[in-house]
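Here are some comments on the helix packing, set out as numbered points for checking against the coordinates.

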Amino acid sequence: MTALITGATEGIGRAFARALAAEGRTVTAVARTERHLAALMTELGPGGPDGEHDYLVADLATPEGVRTVADALAAAPYELLINNAGLAAPGPFAETPLDQALPALRLNCEAVVTLAHAFLATAGPGAALINVASTLAFAPRPGQAVYSATKAFVASFSEALWYEQRPRGIYVMALCPGPTATRPGLHADTPAALVQPPEAVVATALAALRRRRRPTIVPGRANTLFAAATRILPRPTTLTLLATPR
Ligand SMILES: NC(=O)c1ccc[n+]([C@@H]2O[C@H](COP(=O)([O-])OP(=O)(O)OC[C@H]3O[C@@H](n4cnc5c(N)ncnc54)[C@H](OP(=O)(O)O)[C@@H]3O)[C@@H](O)[C@H]2O)c1
């Protein structure tokens, strides 16, 4: 079984790479930093029955980088694509330079759409596509307007694909993690009980991948409660709560 993972050298992507390699899948890892990719290859070891683990150096916020990875997906059918690489553009929108927001749009949306299209062109029955969104897909956080909107896009896009691809036997998942401890200090202001390790996010995603049932997967009880609350609470209340530093 072959899997291509974007953003595979850190955080959730690296946890996916480790878990899939341990299951005997052959991993193609994508990121911008070659020495991190090379280190990951050393860590993952020799590969699975379908060949050696491999990597592609690509900046998925650029058309060239996206083309490199789309070409690889078109050249050899993969059984699993994980569109994981994502970028936040924090700060009040009007006061933040556009050149922070636009790369986030390109990486979080354009690259996801282009790679999904290339993957689905060659994927066969049994294949799967995981697009990593966020719980901010359910309600936007003021101060992360563009990032939240890109994740709502990813979740919506993935749900429609889940339905479209079912007759082909291809499973599509929107994975919606909440705060995840991918980098030291990233969620320093969030109560520790609300922050999941990336391995827990990946374990939930891979369990759901085995079941191949639901289009949207929210890992963790606190995140599931948050998603439910966003459907019940008045929107101004949700926005005020999300804007308040925790
Ligand atoms: N961490 C959280 O709390 C959290 C919560 C909800 C959702 N998510 C989502 O989960 C996904 C993974 O997040 P994470 O926190 O695990 O990420 P992370 O720790 O910041 O790792 C990012 C990975 O993506 C790669 N990357 C970054 N920019 C790239 C680009 N332009 N082109 C190609 N690769 C790029 C990085 O390697 P290079 O820098 O070498 O390129 C690295 O491998 C993202 O989509 C994020 O939005 C995260």
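1. What should the 25 residues of helix α4 (residues 98-122) span, and how far apart are its end C-alpha atoms? The model is a predicted one, and at 1.5 Å a residue the expected span of α4 is 36 Å, which agrees with the 36 Å between its end C-alpha atoms. In the same helix there is nevertheless a bend of about 30°, located at R106.

2. Helix α5 (residues 145-165) packs against α4 at an angle of about 10°, and the two axes lie 9 Å apart. Because angles under 35 degrees count as roughly parallel, α4 and α5 are described as roughly parallel to each other.

3. On the α4 side, the residues of this contact are A101, A104, L105, N108, C109, V112, V113, A116 and L120, and they meet V146, Y147, T150, K151, F153, V154, F157, L161 and Q165 in α5. The residues of the contact divide into 14 nonpolar, 3 polar and 1 charged. As background to such lists, an α-helix has 3.6 residues a turn, so residues three or four places apart point the same way.

4. For helix α1 (residues 11-22) and helix α2 (residues 34-44), the packing angle is about 30° and the axes are 10 Å apart, so that α1 and α2 are also roughly parallel to each other. The crossing in which α1 passes α2 is right-handed.

5. The contact of α1 with α2 brings R14, A17, R18 and A21 in α1 to L40, E43 and L44 in α2. Its residues divide into 4 nonpolar and 3 charged, with no polar ones.

Technical notes. Residues numbered from 1 in each chain as written. Predicted model: local features only at pLDDT ≥ 70, side-chain atom pairs only at ≥ 80, totals over all residues. Heavy atoms only, no water. Axes fitted to C-alpha atoms, helices over the stretch in contact; angles between N-to-C directions. Helix = DSSP H or I, 4+ residues; strand = E, 2+ residues; numbered from the N terminus. Parallel < 35°, antiparallel > 145°, perpendicular 65-115°, else oblique. Left-handed = near helix turned anticlockwise from the far one by under 90°. Contact = heavy atoms within 4.5 Å. Nonpolar A, V, L, I, M, F, W, Y, C, P; charged D, E, K, R; others polar. Expected span 1.5 Å × (residues − 1). Bend = angle between axes of the 7 residues up to and from the residue.
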